[in-house]
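Biologist: Please take me through the interior of this model closely, one part at a time. Then work outward to the surface.

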Amino acid sequence: MSRKPRGSANWEKNRIKVAKLYEKIRNKRLDFLHKLSTNLIKENDTICIEDLKVANMMKNHKLARAISDVSWSEFVRQLKYKANWHDKKIVKVDTFYASSQICNCCGYKNAKVKDLSIRMWKCPECKSNNDRDYNAAKNILTEGFRLR
């Protein structure tokens, strides 16, 4: 489109092609979100999620594109309304709960893990190896069941 004179017939044809392509991508993403949220709701009675501030995360220019591409807010919205349909429960864990810093085995809080570049860490108390994401998921599940 940038090589065509704005407003010309060829520019308009290209504009329509690009619009159709973007619509196709959008529909594929929405289809994936619907299928994933439906499967999660049908398989589980309670789903524990971290209450993230997506709007604030979008301000980080390094993460913004990835966050908008996966549509976190839309995914959570779909989970909520599908949970209401199927009489399931969604539990939101507080944003400030330090899920990735707490050892899921002994409960030790390691403040050094705040740095996002640390993906694996060893607990100084119980000596267990913790993967940041897996550990956070276990802690969110435990906290969600405690809040439920």
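Modeller: Buried means under 20% relative accessible area, exposed means over 50%, and partly exposed lies in between (1.4 Å probe, protein chains only). Helices (H or I, at least four residues) and strands (E, at least two) are DSSP runs, numbered from the N terminus. This is a predicted model, so local features need pLDDT of at least 70 and side-chain atom pairs count only at pLDDT 80 or more, while totals for chains, interfaces and linings use all residues. Residues are numbered from 1 along each chain as its sequence is written, and side-chain values use heavy atoms, with hydrogens and water left out.

Start with strand E1. Of its 5 residues, 4 are buried, so E1 is largely enclosed by the rest of the structure. Its partner is strand E2, residues 89-93. The two strands pair in the parallel sense over 5 bridges (pairing takes at least two DSSP bridges between strands). One position to look at is Ile47, whose bridge partner in E2 is Ile90.

Ile47 also belongs to the largest nonpolar core. A nonpolar core is a set of buried Ala, Val, Leu, Ile, Met, Phe, Trp, Tyr and Cys residues joined through side-chain atoms within 4.5 Å. This core has 7 residues: Leu33, Ile41, Ile47, Ile49, Phe75, Leu79 and Ala83. H1, E1 (46-50) and helix H4 (72-85) are the elements that give two or more residues to it. H4 gives the most, with 3 residues. In soluble globular proteins, nonpolar side chains tend to be buried together.

Ala83 is a core member worth following. Leaving aside its neighbours within four places in sequence, Ala83 is in contact (heavy atoms within 4.5 Å) with Ile41, Lys88 and Ile90. Ile41 is another core member, and Ile90 is the bridge partner of Ile47.

Now H4 again. Arg77 lies in this helix and is partly exposed, at 43% relative accessibility. Arg77 and Ser37 are 40 residues apart in sequence, with their C-alpha atoms 9.6 Å apart in space.

Next, the charges. The structure holds 8 salt bridges, each a side-chain nitrogen of Lys or Arg within 4 Å of a carboxyl oxygen of Asp or Glu. One joins Asp69 to Arg29, with the closest N and O atoms 3.6 Å apart. This pair links distant parts of the chain, with Asp69 in helix H3 (residues 64-70), Arg29 in H1, and the two positions 40 residues apart. Asp69 is partly exposed at 30% relative accessible area, and Arg29 is partly exposed at 39%.

Another lies within H1. Glu12 and Arg15 bridge at 2.5 Å between the closest N and O atoms. They sit 3 residues apart, about one turn of the helix. Glu12 is partly exposed at 30%, as is Arg15 at 34%.

Helix H5 (residues 132-147) has a pair with that spacing too: Arg146 and Glu143 are 3 residues apart, about one turn. Their closest N and O atoms are 2.6 Å apart. Arg146 counts as exposed at 59%, whereas Glu143 counts as buried at 13%.

Finish on the surface of H1 (residues 9-43), where Tyr22 is placed. Tyr22 is exposed at 59% relative accessibility. With Met1, Val18, Leu21 and Ile25, Tyr22 makes a nonpolar surface patch of about 470 Å². Patches are made of residues with over 30% relative accessible area and no salt bridge; like charges are joined within 9 Å, nonpolar side chains (Val, Leu, Ile, Met, Phe, Trp, Tyr) within 5 Å.

Technical notes
Areas by Shrake-Rupley, 256 points an atom, 1.4 Å probe, with all protein chains shown as cover.
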